[in-house]
Amino acid sequence: MRRQPEGTGAEPSTLWGRIACLWAAAFAGLHFYWAIGGDAGLSVSAGPLATERPLWFVVTGLWGVGVLCLLGALLAWLLARSRLRVVPALLARWLGWSVSALLLARGIGTEVLLLSDTTHLDASVSEGQRVWTLALWNPWFVAGGLAFGLAALRSRRRTDSYRRCGRPSRTPSR
């Protein structure tokens, strides 16, 4: 009998994949909201680009990032699946670790640069942007990076335990 976290209905090995999926879907939703004209929170995230909204920014920075986040949600959902085997499982884990590293590097790296003030921020970055980046955006990236990393880690453990239980794999034996 497998234990399930109380109230979630998810196996422990799928929980982080589901959390990463929700993280990516929420971030995608926020970008799509901004892309269709919403402005709550955008000015402290994008600064002057939020008011100007040049076409390249809307297409790549809002719609494009939103689509990438949806792909991230799909990846996280795949990491939470227990039926992935061999090459698809390896590719999903590799991509999960890559997304984790990218998000952690972005969140922690920006946090360190802002806190150490090694960049000597120019006048285009307001104090409000700096505060919101330190307090909200960077921790959000770190949380996403941890969720994707733990999803990739738990995905590996799940497939390893599947093999140890003696269940047949889809690869033919010789």
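Biologist: Leaving aside its neighbours within four places in sequence, which residues is threonine 133 in contact with?
Modeller: Bear in mind that this is a predicted model. Threonine 133 sits in helix H6, residues 127-164. Leaving aside neighbours within four places in sequence, its contacts are Val44, Thr110, Glu111, Leu114, Asn138 and Pro139.

Biologist: Is threonine 133 buried or exposed?
Modeller: Its relative accessibility is 13%. Buried means under 20%. Threonine 133 therefore counts as buried.

Biologist: How many helices and how many strands does the protein have?
Modeller: Read along the sequence, the pattern is α-α-α-α-α-α. The count is six helices and zero strands.

Biologist: What share of the contacts between residues at least 6 apart in sequence joins residues at least 24 apart?
Modeller: Start with the chain itself: 33% of its 174 residues are buried. Now take the contacts between residues at least 6 apart in sequence. Those that join residues at least 24 apart make up 69%.

Biologist: What percentage of the exposed area do carbon and sulfur atoms supply?
Modeller: The protein exposes about 10,800 Å². Of that area, carbon and sulfur atoms supply 66%.

Biologist: At which residue does H4 bend?
Modeller: Helix H4 covers residues 55-80, which is 26 residues. It reaches 36 Å from first C-alpha to last, close to the expected 38 Å. There is a bend of about 30 degrees, and it falls at glycine 64.

Biologist: Which glycines of H4 are buried?
Modeller: The buried residues of H4 include Phe57, Val58, Leu62 and Cys69. Alanines are on the list too, among them Ala73, Ala76 and Ala80. The glycines listed are Gly66 and Gly72.

Biologist: How far apart are the end C-alpha atoms of H5?
Modeller: H5 has 31 residues. At 1.5 Å a residue, H5 should span 45 Å. The computed distance agrees with that, because the end C-alpha atoms are 44 Å apart.

Biologist: Which residues does serine 100 touch, not counting those up to four places away in sequence?
Modeller: Serine 100 belongs to helix H5, residues 86-116. It is buried, at 4% relative accessibility. Other buried residues of H5 include Arg93, Gly96 and Glu111. Not counting residues up to four places away, serine 100 touches Gly145, Phe148 and Gly149.

Biologist: Which residue follows H5 with a positive phi?
Modeller: The phi in question is near 55 degrees. The residue is an aspartate, and it comes after H5. It is aspartate 117.

Biologist: Where does arginine 53 lie?
Modeller: Arginine 53 also has a positive phi, near 45 degrees, although it is not a glycine. Its relative accessible area is 22%, so it is partly exposed. Arginine 53 lies in the loop between helix H3 (48-52) and H4.

Biologist: How many disulfides does a search of the whole structure find?
Modeller: Look at two cysteines. Cysteine 21 is buried, at 19% relative accessible area. Cysteine 69 is buried as well, at 9%. The search of the whole structure finds disulfides numbering zero.

Biologist: How many residues apart in sequence are the parts tied together by phenylalanine 32 and tryptophan 63?
Modeller: A search of the whole structure finds eight aromatic pairs. Phenylalanine 32 and tryptophan 63 form a tilted one, 5.4 Å centre to centre with 40 degrees between the planes. Phenylalanine 32 lies in helix H1 (residues 12-35) and tryptophan 63 in H4, so the pair ties together parts whose separation in sequence is 31 residues.

Biologist: Is tryptophan 63 buried or partly exposed?
Modeller: Its partner phenylalanine 32 has a relative accessible area of 21% and is partly exposed. For tryptophan 63 the value is 38%. Buried would need under 20%. Tryptophan 63 is therefore partly exposed.

Biologist: What kind of aromatic pair do tryptophan 56 and phenylalanine 57 form?
Modeller: Tryptophan 56 is exposed, at 53% relative accessible area. Phenylalanine 57 is buried, at 8%. Their rings lie 6.1 Å apart, centre to centre, with 80 degrees between the planes. Planes over 60 degrees apart count as edge-to-face, so this pair is edge-to-face.

Biologist: Which residues form the one aromatic cluster with Phe148?
Modeller: Phe148 came up before, as a residue that serine 100 touches. The residues that form one aromatic cluster with Phe148 are Trp23, Phe27, Trp140 and Phe141.

Key. Residues are numbered from 1 along each chain as its sequence is written. This is a predicted model: local features need pLDDT of at least 70, side-chain atom pairs count only at pLDDT 80 or more; totals for chains, interfaces and linings use all residues. Side-chain values use heavy atoms; hydrogens and water are left out. Helices (H or I, at least four residues) and strands (E, at least two) are DSSP runs, numbered from the N terminus. Buried means under 20% relative accessible area, exposed over 50%, partly exposed in between (1.4 Å probe, protein chains only). Contact means heavy atoms within 4.5 Å. Accessible areas come from the Shrake-Rupley method with a 1.4 Å probe; for residues, only the protein chains shown count as cover. The expected span of a helix is 1.5 Å times one less than its number of residues. The bend at a residue is the angle between axes fitted to the seven residues ending there and the seven starting there. A disulfide is a pair of cysteine sulfur atoms within 2.5 Å. Rings of Phe, Tyr and Trp (its six-membered ring) pair if their centres lie within 6.5 Å; planes under 30 degrees apart count as stacked, over 60 as edge-to-face and the rest as tilted.
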